[in-house]
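Reader: Please explain how the descriptive terms for this structure are justified.

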Amino acid sequence: MNMIPTEVRALKPADYKSAVKPVWCPGCGDHSVLVAFQRAMAELALPPEQVAVVSGIGCSSRIPSYTSCYGFHGVHGRALAVASGLKVARPDLTVVVASGDGDGFSIGGNHFLHACRRNLDLTYIVMDNRIYGMTKGQPSPTTESDWDTAIAPGGTGLSPFHPLVIALASGANFIARGFTGDVGGCAKLIVDAVRTPGFSFVQILSPCVTFRSDQQKAWKSLVREAIVPETDDPARAARRLMTDDGFNLGVLYRGKRLPYQPRPSDNLTPSHFESEFAI
Amino acid sequence: MSQVQQHDQIPSFDSVAEFFAQALAIEVEAAERYTLLADQMEVHNNREIAEIFRKMAAIESEHRDEVARRAGDALVAGRPVNFSWTAPDGPETTELEQLHYLMTPRQALMLARHNEERAVSYFEAIAATATDPAIAGFAREMAEEERQHVAWVDQWLLKFPADEPGWDEDPDPPLYSE
C-alpha cells in the first residue's frame, strides 16, 4: 500500500473552517459550497494562510468569514476588482472569489467581462440561485423570464443572462458548472479550477430554500453530467454552451490561454502610491 | 455521476487497514456534518434540534475514535491512506438540503435513522462481497455496531409523537407577501 510520507502536513477539511457559524438558512445550497470549498482546499493541501477568499455582497458573499483562510468581504459587485488587485500584488497567493448571480452578473457584470478577458489566475465561484435572496427575493439576471411572484407579477419578461456563454466569449480559460446536491462533485470542480492556470469560472447551482422552495426538487431532477467530454476548442464549446439548457454539469471548457500576470515592481514603495493620489 | 449520494458501487479493499481507513473517513464526515447541522439550528434558534444533532455528533465521534484505534497504521497524521476529499458524501452523512429551520425532533431523528440504516446496508454489502475473510468479519462487526445505533435512535424516537399538521407554519415568515 502506498503511504503518505509522515512529514507531509496532512490538512483536513476541518482545518479550513472558522469559528463563525454560517447564518444561511438551513437547507440552503450555500452550505454545500462551503463544505465543497473546504474539501477542495484539503485535497489541494493548500495551507489556509496561502489562500485568500474575496467576495462581494449577498448571501453567498458571507463565505470568507466561514473559512480559516484570509478573507475580504468587499463591496457589492466589486469582488473581482479587489481579487484582481490582490493577485497582481501577491501572485504567490491562491485567490478564490465568491459571488452570487446578482452580485456577480448584475452589479458586478462589467467586472466579470473584464476579469475573463484579463485572465488572471483566479478561481471565480458563483453560487447561482436565480434570485436576490438576501433582499427578500427579487429577480436576478439569471431568473427565468416567466417566474411569477408578488414582487414581479407575471415575471420580468426578460431573457435570462447566460453566464457561461458570456465567460467563454470574454476569454475565461476554464468554465464549469456544479450543483450543490453533489458536494463531492463541486469539490472536484473547485480543485480542477484552482489547478487550471488563468481565470476559472465555476457556476454552482445553489437552490434558495426560502424564496424559491421549488428549486431544490426541480433542479435535482434536471441536472446531469454533461455527456460530451470537455473541450479546449472555443468554437465547439460555444456551440455546446449556446444550446445548453443550464443543467449540464462538469467541466465544459478548458482553454490553453496563458494567464496574465504583470511582474510586481521591485522598487515601488508606499510613498509612490501616496504620490499618485495627491491632489 | 450521482446527483446526491452514490453508494451503489461497493468498494473493494486490499487490506484490513485500508478498510478501517475508509470506515474512519465515513465516521469523521458523519460527526462533522452533525456538528455543522447543530450549528445551523443553533443560529436559527431551534435549540431542541441543535441538541439532537450535537448528541448524534458525539455518538459518531465516539465511533470515529474507536475505528481510529482499530485502523492504527493505516493512518498518517489522522488522514486515511489513499483517500480523496472529492469523493461523494459517505453513507452515514446527512444531506445538507434535508434541513428545515422549523423541523421537529422527530424529523431530525428520522434523518439520523436513515443515515444509520444506510451505514448498515453499506457494511453489510462489503461483508457479503469481500474476498478477504478478515475484512468480511470486520465489516459484519461494523454493520452490527451501526444496527445498534439504529436501535438507539428508535428508542429515542419513542419520546416524540408524530408531527402535527402545520409544523412548518411560521407566524412571522421571511416572505414579503403571498
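Reader: How do you know what share of the contacts in chain A between residues at least 6 apart in sequence join residues at least 24 apart?

Author: The model is predicted, so local features need pLDDT of at least 70 and side-chain atom pairs count only at pLDDT 80 or more, while totals for chains, interfaces and linings use all residues. Residues are numbered from 1 along each chain as its sequence is written, and chains are lettered from A and ligands numbered from 1 in the order in which they are written. Two residues are in contact if their C-beta atoms, placed from the backbone, lie within 7 Å. By that criterion, 68% of the contacts in chain A at a separation of at least 6 join residues at least 24 apart.

Reader: What makes chain A as compact as a globular protein of its length?

Author: The globule rule is 2.2 Å times the number of residues to the power 0.38, and the radius of gyration is taken over C-alpha atoms. For 279 residues the rule gives 19 Å, and the radius of gyration of chain A is 19 Å, close to that value, so chain A is as compact as a globular protein of that length.

Reader: What percentage of the residues of chain B count as buried?

Author: A residue is buried if 20 or more other C-beta atoms, placed from the backbone, lie within 10 Å of its own. Of the 178 residues of chain B, 39% meet this condition.

Reader: Over which residues of chain B does pLDDT stay under 50?

Author: pLDDT is the predictor's confidence in each residue, from 0 to 100. It stays under 50 over residues 1-6 of chain B, although the mean pLDDT of chain B is 86. Where pLDDT is low, the predicted coordinates should not be read in detail.

Methods:
A residue is buried if 20 or more other C-beta atoms lie within 10 Å of its own, exposed if 12 or fewer, and partly exposed in between; C-beta atoms are placed from the backbone.
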